[in-house]
Amino acid sequence: MRAFGGKAHARTGADDTLFAFSASLIKYLIFAVAIVLALTQLGFPTASLAALLGASALAIGLALQDTLKAVAGGVMLAIFRPFRIGDFVTLAGMEGEITDITPFRTTFKQVDNKTVSVTNDKVWGDPLVNHTRQTRRRLDLFFDISYDDNMDHALETLSAVGHAHPRVLSKDDVWVGVHALADWSVRLRFRAFVPTPEFIQVRADITKAVKEAFDREGITIPFPH
């Protein structure tokens with residue numbers, strides 16, 4: 001099933017998250033059926049086996065309440081799918097790319113290549129941010145200038161940097177303005193929409209370009225004092 005999901009995703013772009021979850025669920029079901037069939041072949045009476053399984057299920061259910069919560073959370077994630085394998089998300093206070101989801105755990109890889117596993121009840125119960133579900137993200141940046149500088153000139157320079165970048169989408173949506181009058185500076189705010197996969201690179205480019213433009217135009221970025 002995992003192989004089929006991978007092929008379907010490669011050919012038609014199908015969501016392989018449900019395939020991965022179903023494959024894990026089927027694996028555990030096969031184990032359970034195999035154990036029951038093995039006990040039957042060993043001569044355990046069916047009625048006694050059913051009673052034993054019922055009592056065992058009750059005892060295991062009471063002992064593994066947290067595990068059952070994780071399974072319930074996994075089912076909800078498989079049904080509603082707030083994220084897909086390959087999405088970049090923030091969950092449990094950490095960020096990473098989803099790599100796998102099973103009935104018990106969700107696994108994601110952080111940007112420094114560390115693998116993190118979180119039980120599904122925490123994934124389902126805690127706030128979750130999906131950074132890649134939308135095709136574009138809004139970039140918000142803040143820049144400080146001196147009180148002695150001309151604010152209009154600084155805003156024009158900031159706007160020109162945004163309009164000049166080739167990966168800034170919808171140039172009409174670029175917005176600049178005075179965000180706050182801080183203790184030691186005037187804080188300017190820059191907003192623009194950029195392609196989601198290129199968010200980090202565009203942010204770095206804009207920050208560098210603004211510093212160079214401010215230096216060229218004689219606009220001061222003051223030190224705290």
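Of the 225 residues of the protein, what percentage count as buried? The share that counts as buried is 32%, where buried means under 20% relative accessible area, exposed means over 50%, and partly exposed lies in between, as computed with a 1.4 Å probe on protein chains only. The model is a predicted one, in which local features need pLDDT of at least 70 and side-chain atom pairs count only at pLDDT 80 or more, while totals for chains, interfaces and linings use all residues. Residues are numbered from 1 along each chain as its sequence is written, and side-chain values use heavy atoms, with hydrogens and water left out.

The secondary structure comes to 7 helices and 8 strands; helices (H or I, at least four residues) and strands (E, at least two) are DSSP runs, numbered from the N terminus. Contact, here and below, means heavy atoms within 4.5 Å. Among contacts between residues at least 6 apart in sequence, 62% join residues at least 24 apart.

The interior can be approached through its nonpolar cores, a nonpolar core being a set of buried Ala, Val, Leu, Ile, Met, Phe, Trp, Tyr and Cys residues joined through side-chain atoms within 4.5 Å. The largest of these has 22 residues, and those with the most contacts inside it are Leu139, Phe143, Ile145, Leu188, Phe190, Ile206 and Val210. Two or more residues are given to this core by each of the strands β6 (136–145) and β8 (186–195) and the helices α6 (151–164) and α7 (199–217), and the largest share, 6 residues, comes from α7. A second, separate core has 12 residues, including Leu77, Leu91, Phe108 and Val116. Returning to the largest core, one may follow Ile145, which touches Met151, Ala154, Ser185, Val186, Leu188, Phe214, Ile219, Thr220 and Pro222 when residues up to four places away in sequence are not counted.

How do the two helices α6 and α7 meet? Their axes, which are lines fitted to C-alpha atoms over the stretch in contact, come within 10 Å and cross at roughly 140°, with angles running from 0 to 180 degrees between N-to-C directions. That makes α6 oblique to α7, since angles under 35 degrees count as roughly parallel, over 145 as roughly antiparallel, 65 to 115 as roughly perpendicular and the rest as oblique. The crossing of α6 and α7 is right-handed, a term used if the near helix is turned clockwise from the far one by less than a right angle, with left-handed used if the turn is anticlockwise. On the α6 side the residues are His153, Ala154, Thr157, Leu158, Val161 and Gly162, and these meet Ile206, Ala209, Val210, Ala213, Phe214 and Glu217 in α7. By class, this contact has 8 nonpolar, 3 polar and 1 charged residues, where Ala, Val, Leu, Ile, Met, Phe, Trp, Tyr, Cys and Pro count as nonpolar, Asp, Glu, Lys and Arg as charged, and the others, Gly among them, as polar.

The loops deserve a separate look. Thr196, in the loop between β8 and α7, is buried, with a relative accessible area of 9%, and, leaving aside its neighbours within four places in sequence, Thr196 is in contact with His131, Thr132, Gln134, Thr135, Arg136 and Arg137. Arg133 lies in the loop between β5 (129–130) and β6 and counts as partly exposed at 39% relative accessibility. With neighbours within four places again left aside, Arg133 is in contact with Arg81, Pro82, Phe83, Arg84 and Asp87; the C-alpha atoms of Arg133 and Phe83 are 7.5 Å apart in space, although the two residues are 50 apart in sequence.

Two loop residues have a positive phi although neither is a glycine. Ala92, in the loop between β1 (88–91) and β2 (94–101), has a phi of about 55° and is partly exposed, with a relative accessible area of 36%. Ser170, in the loop between α6 and β7 (175–181), has a phi of about 45° and is likewise partly exposed, at 36%.

Two further pairs link separate parts of the chain. Val75, in helix α4 (residues 65–80), is partly exposed, with a relative accessible area of 34%, and is 9.3 Å from Thr102, C-alpha to C-alpha, with their positions 27 residues apart in sequence. His225, in the segment after α7, counts as exposed at 77% relative accessibility, and its C-alpha atom is separated by 6.4 Å from that of Trp184, 41 residues apart along the chain.
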